[in-house]
Amino acid sequence: PAVPWLNATWTFAGVYVTMLLLVRINPLVLEKFELPHLPLAPLGALLTLQYSLTAAPASQPRNILIGLCVCLSVTLLCQGLLLHLLGFSKEMVVPLAAALGIAMMTKLGVTHPPAAAAMVALLDHSDPVSATTLLETLILAILLVMANLLTIVTAIVMNNLSDQRQYPVYWAMGTCSTGRTVPPLKEVREPAHPLVGRTKTMPMTMGHYDGWTLPLVQDHVSPS
């Protein structure tokens, strides 16, 4: 749903401040390590989650950091083993890495779309001929983790300055950011259509979603 102008302005301020820091720091760090580029596109997607979908599971620090580490591990494994050692073409390795990284995040319950974007960006710009590219990718992976940590810190500060926002909603599975334990799941009946009913499984706790107070749905809708 649409949000009030004040909320949209808060999103603008948070994204602008964070991206300004990243853009200013980026060339200094890359010049120090003599690296060609640090992909900023995944970080832009991350800021969209942190300031526009603050209550979404993919926006929480747990998903951000673990999901990113999973995808970066897949990146280094595929680049070192498949591209360098076995000589597979990039056209085969990039789709395989994307599928493997996203499937692993799904299995572990740490889905984070910008992490998959970062994985594809790093592999797509890698050079299968250069032996030093793997080291460069490792350095870029570490820098991406540090950049994600920076966005988490700024998102915590900027979002919580507003009394209509809360970020993060939780730090780890089952624990609110305030330290309270999320209540057990409870089934609630809610009509999805005049002729069809459905059952939602959700914790009886509420999260802020851009000024709206909504339940944090945990499971998929199942037909009754």
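Modeller: Helices here are DSSP runs (H or I, at least four residues), numbered from the N terminus. The model is predicted, so local features need pLDDT of at least 70 and side-chain atom pairs 80 or more, while totals for chains, interfaces and linings use all residues. Residues count from 1 along each chain as its sequence is written, and side-chain values use heavy atoms, without hydrogens or water.

Colleague: OK, which elements each supply at least two residues of the lining of the largest cavity?

Modeller: A cavity is a set of points on a 1 Å grid over the protein atoms alone where a 1.4 Å probe fits but can't get out, and lining residues have an atom within 4 Å of a point. Here the lining is P42, L43, L46, L68, H112, P114, A115, A118, L144 and N148. Those giving at least two are α2 (41-52), α5 and α6.

Colleague: And what volume does the largest cavity have?

Modeller: There's one cavity of 30 Å³ or more in the structure. Its lining has eight nonpolar, two polar and no charged residues. The volume is about 50 Å³.

Colleague: How do α4 and α5 run, roughly parallel or antiparallel?

Modeller: The axes of α4 (residues 90-108) and α5 (residues 113-124) come within 10 Å and cross at roughly 160°. Angles over 145 degrees count as roughly antiparallel. That's why α4 and α5 are roughly antiparallel.

Colleague: Which α5 residues make the contact?

Modeller: Contact means heavy atoms within 4.5 Å. On the α4 side, K90, V94, A97, A98, G101, I102 and M105 take part. From α5 come A115, A116, M119, V120, L123 and D124.

Definitions and conventions:
Axes fitted to C-alpha atoms, helices over the stretch in contact; angles between N-to-C directions. Parallel < 35°, antiparallel > 145°, perpendicular 65-115°, else oblique. 1 Å grid on protein atoms, 1.4 Å probe; cavity = no way out; pocket = protein on both sides within 12 Å on 5 of 7 lines; lining within 4 Å. Points joined across faces, edges and corners; volume = space filled by probe spheres on them. Nonpolar A, V, L, I, M, F, W, Y, C, P; charged D, E, K, R; others polar.
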